[in-house]
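Hi everyone, thanks for coming. I'd like to walk you through a structure that is new to most of us, so have a look at it first.

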Amino acid sequence: MVHRVIDEIAGEYSGRLKCYVLDADREPKVAENYDIKAVPVVLLFKNGEKFESVIGTMPKEFYVSAIERLLSS
């Protein structure tokens, strides 16, 4: 469910942000480095630094709001 929403958002924000998927089960060290305790989680980064985390499945508008906060900061 989250993948579909993020894919849609990635298309809408093409050229303004990049989206990546991490399989926390296959990359446990990366998950540990970012303190991922639950999935799904969407991590937003700006200039290589974690800006915000969105935990759980949320409506598209919730993710868009978080992205807009990031882009306007």
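At what angle do helix α1 and helix α3 pack, and how far apart are their axes? Before I answer, keep in mind that this is a predicted model. Okay: α1, which covers residues 2-12, and α3, residues 60-72, pack at about 45°, and their axes are 10 Å apart. That angle makes α1 oblique to α3. If you're wondering about handedness, the crossing of these two helices is right-handed.

So who meets whom there? From α1 we have Val2, Val5, Ile6, Glu8, Ile9 and Glu12, and across from them in α3 sit Lys60, Tyr63, Val64 and Ile67. Sort the residues of this contact by type and you get seven nonpolar, three charged and no polar.

Let me pick one residue out of that group. Isoleucine 9 belongs to helix α1. Is isoleucine 9 buried or exposed? Its relative accessible area is 1%, so isoleucine 9 counts as buried. If we skip residues up to four places away in sequence, isoleucine 9 touches Lys60, Tyr63, Val64 and Ile67. And here's a distance for you: methionine 58 is 49 residues from isoleucine 9 in sequence, and their C-alpha atoms are 13 Å apart in space.

Moving along the chain, we come to the loop between α1 and α2, where valine 21 has its place. With a relative accessible area of 64%, valine 21 is exposed. Its C-alpha is separated by 8.3 Å from that of histidine 3, and the two residues are 18 apart along the chain.

Next up is the loop between α2 and β1, and I have a couple of backbone details to show you there. Aspartate 35 lies in this loop. Its phi is near 55°, so we have a positive value in a residue other than glycine. Proline 40 is found in that loop too, between α2 (28-33) and β1 (41-46). What kind of peptide bond joins valine 39 and proline 40? A cis one, with omega at about 5°.

Now go on to the loop between β1 and β2, and you'll find asparagine 47. Asparagine 47 isn't a glycine, yet its phi is positive, at about 55°. This residue counts as exposed, because its relative accessibility is 73%.

Last stop: glutamate 52, in strand β2, which spans residues 49-55. Why do we call glutamate 52 buried? Because its relative accessible area is 19%, and the cut-off for buried is under 20%. Which side chain does the side chain of glutamate 52 make a polar contact with? That would be arginine 69, at 2.6 Å. Leave aside the neighbours within four places in sequence, and glutamate 52 is in contact with Val42, Leu43, Leu44, Ala66 and Arg69.

If you take one picture away, make it α1 oblique to α3, with isoleucine 9 buried and touching Lys60, Tyr63, Val64 and Ile67. Thanks, that's me done!

Definitions and conventions. Residues are numbered from 1 along each chain as its sequence is written. This is a predicted model: local features need pLDDT of at least 70, side-chain atom pairs count only at pLDDT 80 or more; totals for chains, interfaces and linings use all residues. Side-chain values use heavy atoms; hydrogens and water are left out. Helices (H or I, at least four residues) and strands (E, at least two) are DSSP runs, numbered from the N terminus. Buried means under 20% relative accessible area, exposed over 50%, partly exposed in between (1.4 Å probe, protein chains only). A polar contact is a pair of N or O atoms within 3.5 Å; within protein, one must be able to donate a hydrogen and the other to accept it, and residues adjacent in sequence count only if both atoms are side-chain atoms. Contact means heavy atoms within 4.5 Å. Axes are lines fitted to C-alpha atoms, for helices over the stretch in contact, and angles run from 0 to 180 degrees between N-to-C directions. Angles under 35 degrees count as roughly parallel, over 145 as roughly antiparallel, 65 to 115 as roughly perpendicular and the rest as oblique. A crossing is left-handed if the near helix is turned anticlockwise from the far one by less than a right angle, and right-handed if clockwise. Ala, Val, Leu, Ile, Met, Phe, Trp, Tyr, Cys and Pro count as nonpolar, Asp, Glu, Lys and Arg as charged, and the others, Gly among them, as polar.
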